[in-house]
Amino acid sequence: MSIAISQKTKSNDSRKTVVVSKKVKSHAKDPFFVSKAKAAEAFLNKHGLPAGFEK
Amino acid sequence: MNSLPYNLEASPHFLDFEFSSTGPKGEVRKIVRFTKMKIADASIEVYNIGFGDYNKLEDKIDDLVVTDNKDSDKVMASVAAAVMTFTDHRPETLVFAQGSTAVRTRYYNMVIAYHYKDIKSSFDVWGHYQGEWEVFKQNKAYTAILAKRK
């Protein structure tokens with residue numbers, strides 16, 4: 001079952017092309033995305049964030 | 001984006017998006033995933049955007065394959081639509097992007113630079129250059145990108 005999430009009428013609004021579907025599974029534990037996030041995490045923990053986003 | 005995106009399907013929590021690229025190489029399923037990261041001293045949630053092709057034969061995702069489906073503008077417009085939708089639901093987050101290779105990162109830089117006039121109306125964007133974050137400039141080759149909805 002799919003649910004339209006936006007009823008934007010502007011023809012070039014990209015969001016009108018997105019629907020929610022329970023068929024889209026979570027890739028939270030997929031090794032590909034886990035390793036990408038770990039690499040990104042390491043980069044940001046080494047280099048920090050732009051000014052204003054650190055405690 | 002000049003090209004219209006493909007139709008995307010999103011998971012109910014808007015963390016996973018899928019769409020199909022169609023072209024000379026046939027239909028290729030693309031997956032976009034936003035993963036929350038643990039960043040020391042961050043005052044804001046930070047998500048990594050990951051993006052790759054789903055290899056049905058091997059049941060795995062790959063981002064080193066060159067699809068060559070002659071639709072790179074449409075694919076990037078679709079990834080942009082995923083970012084837009086994700087940040088519609090989580091505007092107070094940073095989205096981190098870095099290519100799997102230097103060439104890919106350079107390509108992402110070029111796409112953002114080309115569309116920066118449109119992008120900056122909705123997003124603040126920073127680039128990482130020589131060890132420092134700075135507000136995105138169109139003529140720089142950044143090693144990583146961060147963006148936040150305005």
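Modeller: Contact here means heavy atoms within 4.5 Å. The model is predicted.

Biologist: How many residues of chain B are in contact with chain A?

Modeller: Take the cut-off of 4.5 Å between heavy atoms. On the other side, chain A brings 36 residues to the contact. For chain B the count is 48 residues.

Biologist: What area is buried between chain B and chain A?

Modeller: Carbon and sulfur atoms give 67% of that area. In chain B, the residues that lose the most area to chain A are B:Glu9, B:Arg33 and B:Ile61. Together they make up 14% of what that side buries. The buried area between the two chains is about 3500 Å².

Biologist: How many salt bridges does the rule find across the interface of chain B and chain A?

Modeller: The rule asks for a side-chain nitrogen of Lys or Arg within 4 Å of a carboxyl oxygen of Asp or Glu. Polar contacts are present, at 11 residue pairs between chain B and chain A, both residues at pLDDT 80 or more. For salt bridges the count is 0.

Biologist: Which strand of chain B gives the most to the side that touches chain A?

Modeller: By class, that side has 25 nonpolar, 12 polar and 11 charged residues. The strand that gives the most supplies 5 residues. It is strand E4 (residues 45-55) of chain B.

Biologist: Which residue stands opposite A:Val19?

Modeller: Look at the strands that pair between the chains. Strand E2 (residues 18-21) of chain A pairs with strand E1 (residues 8-10) of chain B. The sense is parallel, over 3 bridges. Opposite A:Val19, in E1 of chain B, stands B:Glu9.

Biologist: Is B:Asp16 buried or exposed?

Modeller: B:Asp16 sits in strand E2 (residues 16-23) of chain B. Beyond its sequence neighbours within four places, its contacts include A:Val24, A:Lys25, B:Val32 and B:Arg33. Its relative accessibility is 2%, and the cut-off for buried is under 20%. Therefore B:Asp16 counts as buried.

Biologist: Which backbone nitrogen lies 3.1 Å from a polar atom of the side chain of B:Asp16?

Modeller: Several residues of chain A are in contact with B:Asp16, among them A:Ser26 and A:Lys25. The nitrogen at 3.1 Å belongs to A:His27.

Biologist: What is the relative accessibility of B:Lys148?

Modeller: B:Lys148 lies in strand E9 (residues 144-149) of chain B. Not counting residues up to four places away in sequence, B:Lys148 touches A:Phe53 and, in chain B, residues including B:Phe123, B:Asp124 and B:Trp126. B:Lys148 counts as buried because its relative accessibility is 11%.

How values were computed. Residues numbered from 1 in each chain as written. Chains lettered and ligands numbered in written order. Predicted model: local features only at pLDDT ≥ 70, side-chain atom pairs only at ≥ 80, totals over all residues. Heavy atoms only, no water. Helix = DSSP H or I, 4+ residues; strand = E, 2+ residues; numbered from the N terminus. Buried < 20%, exposed > 50% of the residue type's maximum accessible area, 1.4 Å probe, protein only. Polar contact = N/O pair within 3.5 Å; in protein donor to acceptor, adjacent residues only side chain to side chain. Buried area = accessible area lost by both parts, 1.4 Å probe. Nonpolar A, V, L, I, M, F, W, Y, C, P; charged D, E, K, R; others polar. Pairing = 2+ DSSP bridges.
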